[in-house]
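Work through the exercises below with the model open beside you. Try each task before you read its solution.

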Amino acid sequence: MKTQILTLLKEADTYISGQDICTHFGVSRTAVWKAINQLKKEGYVIEAVPNKGYYLKTSPDIISYSEMKSVLNTKWIGEELYFYEEIDSTNTKAKQLAETGATSGTLVVSNMQTAGKGRRGRQWESPSETGIFMTLILKLDMNPSKASMLTLVMALAVVKACNEVTKSTCYIKWPNDIVLNKKKICGILTEMSAEMDYINHIVIGIGINANVDSFPEELKDKATSLKIENGKEVKRAMLINRIMVHFEHEYEIFMHNESMKAQIDEYNEFLINKDKEVTIIEPSNQYQGIALGIDEIGKLLVKKEDGKIEAVYAGEVSVRGIYGYI
Ligand code: ATP
């Protein structure tokens, strides 16, 4: 009931009488009153004026099941939604859900992670109530060798949504980070369960430093948040919605081509290292070159000092600017 009433109040954008709410949902006055009180407790400012009804004046920056459901206006993502106040890792949960029948488009969102993951078993710092921690489950018919491109597709959606919502200029640091003012605001971790030629499921985890105020000493040089850089809090649920709306669009284009061919130019416009000198760090090798942009299959083209162009596969690689992280 709470979710439906919240959605109604948001859509109305004016006073709605208690009686109208009762009639709309076929519930009692007491049920409406209880739901309104719960929403107030969660931080929604709802005005109740005799003879006029209820009016949602302001919504706080909270992520909850009701808030997410009332904000999402995607076509298929988040229809199945799981929300957790606290969880070890949204990717771990999503993988369990995918194995036990969750449908493609299922979204797992949490307010806090106790064991957030980065690539190659690294940690993702996941402070409570201020970050975005979510994982999208995809079940799709595609050759597993193409799956790593989905990280790039998600990066495109995240960068577009962040720029649109915060009016800032975020960039993509290939393959899986989003940066703002040369520091990391988001990491993307794609994991797959597959057979040789068949994908069981893919989970795409997204961690965003949305309203984080400070970082541990070891991350200070490398990490920042949208709030720190823009001096303004972002409504996390709204940002999640915009990311997923953009992803649905980008995903459709990607699935049509099963490659990045229609998205290369746009992607490269957001590429922070484009035409700059970079160091490519592979597990057992390291070299420098100029990052030219991605190719159709999402590899990073790097012109080496000897003039040869190397197509770098995302898997085990880190990219660094010549003087530091960017
Ligand atoms: P690289 O920076 O080497 O390219 P990566 O993109 O592969 O790394 P991930 O594995 O995605 O990095 O993320 C884990 C790393 O990101 C950690 O090792 C840490 O340095 C950094 N990190 C951890 N938590 C955060 C955070 N909340 N914001 C920004 N950076 C973080």
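The exercises go from rings to the ligand, then to backbone geometry, and the model they use is predicted.

**Exercise 1. Classify the ring pair of Tyr-15 and Tyr-55 as stacked, tilted or edge-to-face, and place both residues in the chain.**

Solution.
- Start with the search. Three aromatic pairs turn up in the whole structure.
- Two quantities are needed. A pair of aromatic rings is described by the distance of the centres and the angle of the planes.
- Take the distance. The ring centres of Tyr-15 and Tyr-55 are 5.2 Å apart, and the cut-off for a pair is 6.5 Å.
- Take the angle. The planes of Tyr-15 and Tyr-55 stand at 40 degrees, so this pair is tilted.
- Place the residues. Tyr-15 sits in the loop between α1 (2-12) and α2 (18-25), while Tyr-55 belongs to strand β2 (residues 53-58). They are 40 residues apart, and the pair links distant parts of the chain.
- Check exposure. Tyr-15 has a relative accessible area of 25%, so it is partly exposed. Tyr-55 has 22% and is partly exposed too.

**Exercise 2. Classify the pair Phe-247 and Tyr-251 in the same terms, and say which cluster they belong to.**

Solution.
- The centres of the Phe-247 and Tyr-251 rings lie 5.4 Å apart.
- Their planes meet at 25 degrees, so the pair counts as stacked. The limit for stacking is under 30 degrees.
- Both residues lie in helix α8, four residues apart, or about one turn of the helix.
- The general rule fits that spacing. An α-helix has 3.6 residues a turn, so residues three or four places apart point the same way.
- Phe-247 and Tyr-251 are both buried.
- Ring pairs join Trp-76, Phe-247 and Tyr-251 into a cluster.

**Exercise 3. Compare the span of helix α8 with its expected value, then inspect the residue just after it.**

Solution.
- Helix α8 covers residues 236-257, which is 22 residues.
- From the first C-alpha to the last, α8 reaches 31 Å. The expected value at 1.5 Å a residue is 32 Å, so the two are close.
- Look at the N-terminal end. Arg-236 lies in α8 and is buried, at 1% relative accessible area.
- Arg-236 and Ile-63 are 173 residues apart in sequence, yet their C-alpha atoms are 6.9 Å apart.
- Now step past the helix. Glu-258, just after α8, takes a positive phi of about 50 degrees.

**Exercise 4. Which residues come nearest the ligand, and how much of the ligand does the protein cover?**

Solution.
- There are 18 residues around the ligand, and the nearest are Arg-119, Arg-122, Asp-177, Asn-209 and Arg-320.
- Check the polar distances. A side-chain N or O atom of Arg-122 is 2.8 Å from a ligand oxygen. For Arg-320, the corresponding distance is 2.7 Å. Asn-176 places a polar side-chain atom 3.0 Å from a ligand oxygen.
- Now the area. On its own the ligand has 630 Å² of accessible area, and the protein covers 93% of that.

**Exercise 5. Is Asp-177 buried or exposed, and which side chains does it contact?**

Solution.
- Asp-177 is in strand β7 (residues 177-180).
- Its relative accessible area is 5%, so Asp-177 is buried. The limit is under 20%.
- The Asp-177 side chain makes a polar contact with the side chain of Lys-184 at 3.3 Å.
- The Asp-177 side chain also makes one with the side chain of Tyr-325, at 3.0 Å.

**Exercise 6. Where does the backbone depart from the general rule?**

Solution.
- Recall the rule. Most residues other than glycine have a negative phi, and most peptide bonds are trans.
- Test a peptide bond. Trp-174 and Pro-175 are joined by a cis bond, with omega about 0 degrees. Pro-175 is in the loop between β6 (171-173) and β7.
- Test phi. Glu-129 has a positive value near 65 degrees. Glu-129 lies in the loop between β4 (107-110) and β5 (132-138), and is partly exposed at 44%.
- Test another. Asp-275 also has a positive phi near 65 degrees. Asp-275 is in the loop between α9 (264-269) and β10 (277-282), and is exposed at 51%.

Definitions and conventions: Residues numbered from 1 in each chain as written. Predicted model: local features only at pLDDT ≥ 70, side-chain atom pairs only at ≥ 80, totals over all residues. Heavy atoms only, no water. Phe/Tyr/Trp six-rings, centres within 6.5 Å; stacked < 30°, edge-to-face > 60°. Buried < 20%, exposed > 50% of the residue type's maximum accessible area, 1.4 Å probe, protein only. Near = heavy atom within 4 Å. Polar contact = N/O pair within 3.5 Å; in protein donor to acceptor, adjacent residues only side chain to side chain. Areas by Shrake-Rupley, 256 points an atom, 1.4 Å probe, with all protein chains shown as cover.
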